[in-house]
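Reader: I am new to this structure and would like a close look at one part of it, with the surroundings brought in step by step. Please explain each term as you come to it.

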Amino acid sequence: MTDPDSGAVVGVDVAKRHLDVAWHGRAGVRRFANTPAGLAELVAALRPVPRLVVVEATGGYELALVRALQRGGVAVAVVNRARCAIWRGPAASSPRPMRSMPAPSRCLAR
């Protein structure tokens with residue numbers, strides 16, 4: 001029997017001090033420290049390896065995470081929030097402000 005998480009998509013909302021991580025199809029968001037120890041803990045938590053981890057581009061705070069995921073054999077995509085359709089409002093003319101999103105990592109995991 002295969003693990004249901006092996007084909008999952010995971011979304012990561014990146015901040016200077018922490019990473020909010022959501023697995024598609026799972027309730028809730030898990031927080032990891034954006035430190036070497038926190039990155040190692042996150043990579044270990046991503047077993048079995050998901051199909052894809054989608055990371056929000058944050059002006060550099062995501063770089064250590066992307067390197068850690070790549071070293072761990074995890075496929076990763078870095079997306080620009082302003083160009084991501086999941087944040088667009090009904091008119092699709094401008095992205096919604098982050099404060100209106102209850103859990104950006106959950107949106108990235110979709």
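Author:

**One residue and its surroundings**

Leaving out residues up to four places away in sequence, V76 touches L52, V53, V55, V66, L69 and Q70, where a contact means heavy atoms within 4.5 Å. The model is a predicted one, in which local features need pLDDT of at least 70 and side-chain atom pairs count only at pLDDT 80 or more, while totals for chains, interfaces and linings use all residues. Residues are numbered from 1 along each chain as its sequence is written, and side-chain values use heavy atoms, with hydrogens and water left out.

V76 itself is found in strand β5, which covers residues 76–79; strands (E, at least two residues) and helices (H or I, at least four) are DSSP runs, numbered from the N terminus. With a relative accessibility of 22%, V76 counts as partly exposed, because that class lies between buried, under 20% relative accessible area, and exposed, over 50%, with a 1.4 Å probe and protein chains only. Along the chain V76 is 67 residues from V9, yet the C-alpha atoms of the two are separated by 9.8 Å. V79 also belongs to β5 and is partly exposed, at 21% relative accessible area; its C-alpha lies 5.2 Å from that of E56, although the two are 23 residues apart in sequence.

From V76 the path leads to L69, a residue that V76 touches and that is buried in α2, together with L65, V66 and A68. These four residues cover an arc of only 165° around the axis, so they lie on the same side of α2, the arc being that of the directions from the helix axis to the C-beta atoms. In general, an α-helix has 3.6 residues a turn, so residues three or four places apart point the same way. The cover over the buried residues of α2 includes β1, β2, α1, β4 and β5. L69, once residues up to four places away in sequence are set aside, touches V43, L46, V53, V55, V74 and V76.

Elsewhere in α2, which runs over residues 63–71, lies A64, and this residue is partly exposed at 31% relative accessibility. Its C-alpha is 8.5 Å from that of N34, while 30 residues separate the two in sequence. Just after α2, G73 takes a positive phi of about 80°.

V43, one of the residues that L69 touches, opens the way to helix α1 (residues 36–45), where V43 is buried along with G38, L39 and L42. These residues are on the same side of α1, because they cover an arc of only 135° around its axis, and they pack against β2 (18–23), β3 (30–33) and α2. The face of α1 turned away from that buried side carries the exposed residues P36, A37 and A44. A45 lies in α1 too and is partly exposed, at 23% relative accessibility; apart from neighbours within four places in sequence, A45 is in contact with W23, R30 and F32. The charged end of R26 sits over the ring of W23, 4.6 Å from the ring's centre, the rule being that NZ of Lys or CZ of Arg is within 6 Å of the ring centre and within 35 degrees of the ring normal. In the loop between α1 and β4 is P48, which is joined to R47 by a cis peptide bond with omega of about 0°.

Several of the residues met above return in the interior. The largest nonpolar core has 17 residues, and those with the most contacts inside it are V12, L19, V21, V53, L65 and L69; such a core is a set of buried Ala, Val, Leu, Ile, Met, Phe, Trp, Tyr and Cys residues joined through side-chain atoms within 4.5 Å. The elements that give two or more residues to this core are β1 (9–14), β2, α1, β4 (52–56) and α2.

For the chain as a whole, the elements run β-β-β-α-β-α-β-α from the N terminus on. Buried residues make up 38% of the 110 residues, and residues 24 or more positions apart account for 46% of the contacts with a separation of 6 or more.
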